[in-house]
Amino acid sequence: MRERPQIRLLPDGRRLHMHDGPIDLIVEAFGAVCEIRAAYNAAAVRFPTVLEELCSELCLLRQPARPDAPFPEGRIAKRMAAAVAPYAGRTFITAMAAVAGAVAEEILETMTSAADPSRAYVNDGGDIALHFAPGEHFVVGMVERPDRPSLFVTAMLDSRQPVRGIATSGWRGRSFSLGIADAVTVLADRAAMADAAATIIANAVDLPGHPSVMRVPAYSLDPDSDLGDRPVTQDVGQLSPSEIAAALDAGAAVARSLLSDALIRSAALHLRGETRVAGAVPIAGIVSCGASNHEEMRSNRSLVHA
Amino acid sequence: MPDDAIRCDACPVLCYIKPGRTGACDRYGNHDGQLVRLDPHVVLDRAVSRGDSIVPFLDRDRDWDGNIVSGPENFVTAIGAGTTYPDYKPAPFIISSAVQGVDMVTVVTEGIFSYCGVKLKIDTDRHLGPETNLVRAQGEPIGHVTTSEYGSQMLSLGGVRHLTGGSRREGTVTCETLLNLCNGKAVELGIDEGATVLVQAGKPPVVDGVQEERMRVGCGSATIGMFAKQWFGKVDEVVVVDDHITGVLSEHQAGKLLGIPETGIKIKGHRSTPGRYFRVAEPGTAWGGTNIEAPLSILQDFNPKIAWPRLRLLMVSTTGEHHAYFELDEDLQPVEKDLPSSLSESVTRIKENCEPALCTVLFMGGAGGSLRAGVTENPVRLTHAVRDALTRVTCGGTPVYVWPGGGITFMVDVSRMPENGFGYVPTPALVAPIEFTLKLSDYAALGGYMDHVRSLDSMMSDERRRHLSARENNPWPLSSPTRPRPER
């Protein structure tokens, strides 16, 4: 039985929540009340067809990206295909790796073409598209593990930087991962780009063949998975400090190559409490346990990756 | 199919879900071959009091304030609890907590109800369709028109015959319609030889495209009965204009008892009993649900032998929305004047007494079957404990009315339940949350699964819980350990 898309304001009266099947968006716009309303209206009009559009091309979108592959029809599907195109032929990826970021981007663009909010974000389960008017900024909280959200750092993003997308990937998250990273958070120019890059880097944080890493073929968990028979990480046991370092090094090497191709602006890689950063993260504050700027955390909590 | 995976049809992704796994949404899963909804577990939070309705905090939003309040300030609902089929396994959650020094236990499960349905009350005087005629959704029969009530039309929907006794499509459509109604969504229903009505719990009905706004205070005759004393001495005659029964004060029993003299008024229409007239006009959208724009059009000349100059006449509709005041001149012709302040109060009061027209949805289901075996190894003792008020039954933390007699057949107002509290299985059958709360000692005595009792604290640390604030107008499910609090 098809459940209808749900669109409503959250109890704070400010944020819009849109849900349809696996898509869960938290949307917030800032600025003049009439602009916020117009932006939300546009988002609410655009949203109900999003899932149907994607599903109509699901088979194509689940195929491994190849340089000669046919391009999809839908607007969001095109964003997905464009985001993974740079990796086509170089490594395994499907357009599905960018779906969350692409949906976030599409909704955000719908809002900013219909209205003129000073700032706005669309958070699609941790993959976030951002908009700023000149001079505006966001403070963004970052987490070490998506399944256990506590902030480890806050980053300041403003309109002068090119970053408009944030994404997080890791084997503990909702989607399957081929790697062992607890979380890889990526800042990129677009949300779909960040989404695809986070997947690629998280897959690269790995110790191939390590006996502590439990992997099973993706299809054994989800017969429809775009990952097919590729082994996805289900559990990670004991790792020595040198093994943790080796896995992070492997991921950081990939991150640096994406950085040099301008596919990302920065990336933070986490494994077992160790962190590597590639590129410059505009750090606003370090959040240590129980201390620090509580109010700031609260006000920006909605941007925390989950 | 190569294995026990099932295809989920909750959204167009159409996930193919293996046993024990969830679909892409993490909301639906394959539980022993049944598609079940696995929303995070709903915990009512008494400490957080919100003025507005219960609003779920989002699971992935991670937005709750981090407060973990312990003890009786939390009540674990069955929403999202899942079931343990077959039923002889202990219920998914059997939770202990201390309430005012008494150890209590709440058995929490989601019941799969084939014997269930919805009683739908639609506040309208409009004729929706003949009694016993079929009610259809998407063309499929899903229920029937039942005995109407004062000011409301009643529909009885669902039930085992439509759910599992008819065609596959009839069952699926019935299940979908019940689910939508119970979860507060709008549903369009067609009645054979009658109207098409758009209904949604807590919202005004839309009958053949026209939204019903207010219930009338009563028929014209009832209005006379209610307000005769307030008019006495302030006016000589009152006509309450109504599509059904138009009332006339001086002729009505209420006027007679007050000693109001005859006025010589003459009403066009069929006199039923003294002071009560049928069919003064055609149905419409003007005065009192009639097509009357000018109220004097329903009056003939006053009887000159009885009437007198300066006779004071109030004409008013059953909703108080229309009113006019007249005095007779020397030729006994009514002349419209401003409504005296002494009468405006009674007109306002008629308006005040008209309630908003609503659709209300009561879910009704029988929990007297095998799900009791998930509570105790001796199921009839649970029935007895409910009957003896030793066990309180709640539905998503909401009080229920348990129908007297055998079994545990209960009714609950869906609008008082947490949002989206109901689910379904493809049987088709509805999934409703149900909680049984009783003293731990009573639970042991009725043969409960004592070794499956877990503490409330262990629930509160479960990250998959969803935290809601309790509704102010619902009694707190754990408020009185022994006696259910009377419902307001």
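Me: How many bridges join strand 12 (residues 266-271) of chain A to strand 13 of chain A?

Reply: This is a predicted model: local features need a pLDDT (the predictor's confidence in each residue, from 0 to 100) of at least 70, side-chain atom pairs count only at pLDDT 80 or more, and totals for chains, interfaces and linings use all residues. Residues are numbered from 1 along each chain as its sequence is written, while chains are lettered from A and ligands numbered from 1 in the order in which they are written. Helices (H or I, at least four residues) and strands (E, at least two) are DSSP runs, numbered from the N terminus. Strands 12 and 13 of chain A run antiparallel, and the number of bridges joining them is 6.

Me: Which strands stand at the edges of the sheet in chain A?

Reply: Two strands pair if DSSP finds at least two bridges between them. The open sheet has 9 strands in the order 1-2-3-4-5-8-9-12-13 (chain A), with antiparallel pairing. An edge strand pairs on one side only, which holds for strand 1 (6-9) and strand 13 (274-279) of chain A.

Me: What is the bridge partner of A:Leu271?

Reply: The partner lies in strand 13 of chain A. That residue is A:Glu274.

Me: What angle does helix 5 (residues 99-114) of chain A make with strand 4 of chain A?

Reply: Helix 5 packs on the sheet, touching strand 3 (23-30), strand 4 (119-124), strand 5 (127-132) and strand 8 (165-169) of chain A. Axes are lines fitted to C-alpha atoms, for helices over the stretch in contact, and angles run from 0 to 180 degrees between N-to-C directions. On that scale, the angle between helix 5 and strand 4 of chain A is about 150 degrees.

Me: Which helix gives the most residues to the largest nonpolar core?

Reply: A residue is buried if 20 or more other C-beta atoms lie within 10 Å of its own, exposed if 12 or fewer, and partly exposed in between, with C-beta atoms placed from the backbone. A nonpolar core is a set of buried Ala, Val, Leu, Ile, Met, Phe, Trp, Tyr and Cys residues joined through C-beta atoms within 7 Å. The largest one has 173 residues, and A:Met80, A:Ala197 and A:Ile201 have the most contacts inside it. With 11 residues, the helix that gives the most is helix 6 (residues 191-204) of chain A.

Me: Which strands are left with one side without a neighbour in the sheet of chain B?

Reply: This open sheet of 7 strands has mixed pairing and the order 20-21-18-17-23-24-25 (chain B). Each edge strand has a single partner strand, so one side has no neighbour in the sheet; these are strand 20 (270-271) and strand 25 (334-337) of chain B.

Me: Against which elements do the buried residues of helix 3 of chain B pack?

Reply: The buried residues of this helix include B:Ile224, B:Phe227 and B:Trp231. Contact here requires C-beta atoms, placed from the backbone, within 7 Å. The packing is against strand 17, strand 18, helix 4 (253-258), strand 21 and helix 5 (341-352) of chain B.

Me: Where in chain B is confidence lowest?

Reply: The mean pLDDT of chain B is 81, and 83% of its residues reach 70 or more. Over residues 45-72 of chain B the pLDDT is below 50. Where pLDDT is low, the predicted coordinates should not be read in detail. Confidence is highest in strand 10 (residues 134-137), at a mean of 97, and lowest, at 53, in strand 5 (residues 41-45) of chain B.

Key
Contact = placed C-beta atoms within 7 Å.
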